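Could you walk me through this structure in my viewer, one selection at a time? I would like to know what to click on next and what is there.

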Amino acid sequence: MPPKGGSRRTELRACLICSILQSTNDFMTQGCPNCEEILEMRGSAERVAECTSLMYDGMIAMIEPSESWVARWQRIDKRMRGIYAVRVTGRPPADVVEAIEARGGVYRPRDAVED
């Protein structure tokens, strides 16, 4: 869902896994609508700081992810409606990457920088 409360860009954080943009308060109270099962941010300011970033480029308003070529290009076509960052600077903690891989997933960095 889009951020609540008229948040300005400087107040938004991007999830390091799916790149959804929300306020710190939204991540604290609701967690990530796409990744909460893995990230477990709800109620933890420390976890929100570890798993989100204030540094991101661009915004995409995603209304119909399954029908959008932009969503496919950004690999968010199976995610919830919302506002997403085009590119997010930062990497999640190692335990998050391990949890994704343990479930048979592949972690793909959102910053377009090769290691």
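Here is a tour in a few stops, from the sheet to the cores and then to the charged pairs. Please keep in mind that this is a predicted model.

**Stop 1: the sheet.** Select β1, residues 12-15, together with β2, residues 21-23: the two strands run antiparallel and are joined by three bridges. Click on Ala14 and you will find its bridge partner in β2, Leu21. Now add β3, residues 52-53, to see the open sheet of three strands in the order β2-β1-β3, paired antiparallel. β2 and β3 are the edge strands; each has a single partner, so one side of each has no neighbour in the sheet.

**Stop 2: the cores.** Next, show Cys15, Ile17, Cys32 and Leu39. They belong to the largest nonpolar core, which has 20 residues, and they touch the most other members. The elements that supply two or more residues to this core are α3 (45-51), β4 (56-62) and α5 (94-102). Of these, α5 gives the most, with three residues. Stay on Cys15 and display its surroundings: beyond its neighbours within four places in sequence, its contacts include Ile20, Phe27, Cys32, Cys35 and Leu39. Cys51, Thr52 and Val88 are also in contact with Cys15. Apart from the largest core lies another one of seven residues, including Leu12, Ala14, Leu21 and Val88.

**Stop 3: the salt bridges.** How many salt bridges does the structure hold? There are seven. Begin with Arg103 and Glu37, whose side chains meet at 2.4 Å, N to O. This pair links distant parts of the chain, with Arg103 in the segment after α5 and Glu37 in helix α2 (residues 36-39), 66 residues apart. Glu37 is exposed, with a relative accessible area of 62%.

Move on to Arg47 and Asp95, a salt bridge with its closest N and O atoms 3.1 Å apart. Here helix α3 holds Arg47 and helix α5 holds Asp95, 48 residues apart in the chain. Is Arg47 buried or exposed? At a relative accessible area of 13%, Arg47 is buried, whereas Asp95 is partly exposed at 39%.

Then pick Asp77 and Lys78, whose side chains form a salt bridge at 3.5 Å, N to O. Asp77 is partly exposed at 23%, and Lys78 is exposed at 75%. For a wider view, select Arg47, Glu50 and Asp95 together: salt bridges with shared partners join them into one network.

**Stop 4: Arg72.** Finish in helix α4, residues 69-74, where Arg72 lies. Arg72 is partly exposed, at 46% relative accessibility. Leaving out residues up to four places away in sequence, Arg72 touches Ser66, Glu67 and Asp77.

Technical notes. Residues are numbered from 1 along each chain as its sequence is written. This is a predicted model: local features need pLDDT of at least 70, side-chain atom pairs count only at pLDDT 80 or more; totals for chains, interfaces and linings use all residues. Side-chain values use heavy atoms; hydrogens and water are left out. A nonpolar core is a set of buried Ala, Val, Leu, Ile, Met, Phe, Trp, Tyr and Cys residues joined through side-chain atoms within 4.5 Å. Buried means under 20% relative accessible area, exposed over 50%, partly exposed in between (1.4 Å probe, protein chains only). Helices (H or I, at least four residues) and strands (E, at least two) are DSSP runs, numbered from the N terminus. Contact means heavy atoms within 4.5 Å. Two strands pair if DSSP finds at least two bridges between them. A salt bridge is a side-chain nitrogen of Lys or Arg within 4 Å of a carboxyl oxygen of Asp or Glu.
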